[in-house]
Amino acid sequence: MGSIQNQESHHGSSAGTIRPLDPEEFRRQGHLVIDFLADYYNNVEKYPVRSQVEPGYLKKRMPESAPYDPEPIEEILRDVQKDIVPGITHWQSPSYFAYFPASGSIAGFLGEILGIGFNIVGFNWMSSPAATELESIVMDWLGKMLKLPAKFLFSGGGGGVLQGTTCEAILCTVVAARDQMLKKIGRENINKLVVYGSDQTHSALQKAAQIAGINPNNFRAIATTKDNAFGLTAEAFRAAVESDIESGLVPLFLCATIGTTSSTAVDPLAPLCEVAQEYGIWVHVDAAYAGSVCICPEYRHYLDGIENANSFSLNAHKWFLTTLDCCCLWVKDPSALVKTLSTYPEYLRNKASETKQVVDYKDWQITLSRRFRSLKLWLVLRSYGIANLRKFLRSHVKMAQDFEGLIEMDKRFQVVVPRKFATVCFRMSPSEIGGNHESVTREEAANNFNAKLLESINESGKIYMTHAVIGGVYVMRFAVGASLTENWHVILAWKVVQEHANALLTTP
Ligand SMILES: Cc1ncc(COP(=O)(O)O)c(C=O)c1O
């Protein structure tokens, strides 16, 4: 830490004045940070993909309390490199194949910087008209790219909003559906409302139901089977609904998924929506991961039937080159959201809102204050264009296909569920592994073996994958989607899998 004079110069201040937003100092420090990140990306392949630190590692390296005196950015960045980078799991590494991707891009990062740099708080139109209007425009643009029915677009009476995450989007739609229904049947009947998903639906639905005050006994995770590729069938949905009605309950909400988290299964929208319509059930379509790829005509058919759903969301921060957070939610009837989420205190009253000619996005979401997210999505859409976005998505599908091909050539392994997008679920076959003792069945032995194999692969730091258990089967998930991944990373990844499998198979 330097002298007071030095410290003041770090902040571009004259004696006694603090200038936290000095433009020239911002330029200087900003360049340093961008240089730091560019160097990070030059070196990202050198780091173990999954962080190898132990819990509590950082506390040992950090002072007990915040510094009293200011510190220069150069010193802080040195500590980022020394102390923070080791504790990062490198989601942007080309050898990152875990969970679902968080595909980064220059346009996404710079759009984020622009949005943050303006640092507006765009809760209503008046608080920054550009933020609201750009959001409505990009949501219509993206909606058109997905060929969403006109009813989901502002131009067709619906509309889209950028929220933080799918958890928020589902919660907003559940409460909108809840209040719509309770208006009909009386608030005293909240205990009768039932929420439906499948046993593959993301836990975001359960969380939303809990927060929305749905009786925990009225949460249905309908069983799926391998025979139906782990999709929710309309027959199973109908049976659950009819049984609930018979018990005097009120079916409220179905969350259908395009691309489930465990295995990227797809729920058949058209027949599910048909059942839902029959019983007046709100259908939300969660396409957090796979929604992006539906901008490619060959994948659009997964959205067939969406015209009869009520709401639809995807995470642009997963597989669409846009930084976290950026969940795109479209609704056919924005007034349902507004009725349940709107407040209008005196201190927010303004002429524009009074005219009812503007969108006040605070009424479409949980929080009041909101980020300028549309800038980054706008930059992504403009910088890459539909052509390159499709190219990007298809390149990942192709790499996943190649990986699948490599698995199929090694008869010891099997692809457990058919690949639909760019995620492959595979395992070492039970036939290659011992078991069948009294206490351990062949399947249990296979599950244990594959869990051990995955841990040994991840411990190596060379690649990172995560797992799922689908229909009782432990699988390794190979999710291609990191922006730096090239074909040779996939080939190398397969070699890593084989090496670790060989080592484990020969361990007594
Ligand atoms: C299908 C699906 N839905 C919802 C989510 C949750 O997304 P978020 O973290 O944006 O709430 C995920 C996350 O992976 C997902 O795969």
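A residue is called buried if 20 or more other C-beta atoms lie within 10 Å of its own, exposed if 12 or fewer do, and partly exposed in between, with C-beta atoms placed from the backbone. The structure is a predicted model, in which local features need pLDDT of at least 70, side-chain atom pairs count only at pLDDT 80 or more, and totals for chains, interfaces and linings use all residues. Residues are numbered from 1 along each chain as its sequence is written.

**Exercise 1. Determine which residues of helix 6 are buried, and what they pack against.**

Step one is to locate the element: helices (H or I, at least four residues) and strands (E, at least two) are DSSP runs, numbered from the N terminus, and helix 6 covers residues 129-145.

Step two is to check its length, where the expected span is 1.5 Å times one less than the number of residues; for the 17 residues of helix 6 this gives 24 Å, and the end C-alpha atoms are 24 Å apart, which agrees.

Step three is to list the buried residues, which are Ala131, Thr132, Leu134, Glu135, Ser136, Val138, Met139, Asp140, Leu142 and Gly143. An α-helix has 3.6 residues a turn, so residues three or four places apart point the same way.

Step four is to find the partners, using contacts (C-beta atoms, placed from the backbone, within 7 Å): the buried residues of helix 6 pack against strand 1 (159-163), strand 7 (327-331) and helix 14 (374-409). Just after helix 6, Lys147 takes a positive phi of about 55 degrees.

**Exercise 2. Work out the order of the 7 strands in their open sheet, and then describe the surroundings of strand 4.**

Step one is the order, which reads 1-7-6-5-4-2-3 with mixed pairing, where two strands pair if DSSP finds at least two bridges between them. Strand 1 and strand 3 (219-222) stand at the edges, each with a single partner strand, so one side of each has no neighbour in the sheet.

Step two looks at strand 4 (250-257), which pairs in the parallel sense with strand 2 over 4 bridges and with strand 5 over 5 bridges. Val194 has Pro251 of strand 4 as its bridge partner, while Thr257 has Asp286 of strand 5.

Step three considers the cover of strand 4, of whose 8 residues 8 are buried. Helix 7 (residues 166-185) lies across several strands, including strand 4, and runs at about 155 degrees to strand 4; for such angles, axes are lines fitted to C-alpha atoms, for helices over the stretch in contact, and values run from 0 to 180 degrees between N-to-C directions.

**Exercise 3. Place Ala451 in the structure and relate Ala451 to His467.**

Step one assigns Ala451 to helix 15 (residues 442-460), and because Ala451 has 15 C-beta neighbours inside 10 Å, Ala451 counts as partly exposed.

Step two compares sequence with space: Ala451 and His467 are 16 residues apart in sequence and 7.9 Å apart in space, C-alpha to C-alpha. Not counting residues up to four places away in sequence, Ala451 touches His467 and Tyr474.

Step three turns to the strands: strand 10 (466-470) is joined by 5 bridges to strand 11 (residues 473-479), and the two run antiparallel. His467 stands opposite Met476 in strand 11.

How values were computed. Two residues are in contact if their C-beta atoms, placed from the backbone, lie within 7 Å.
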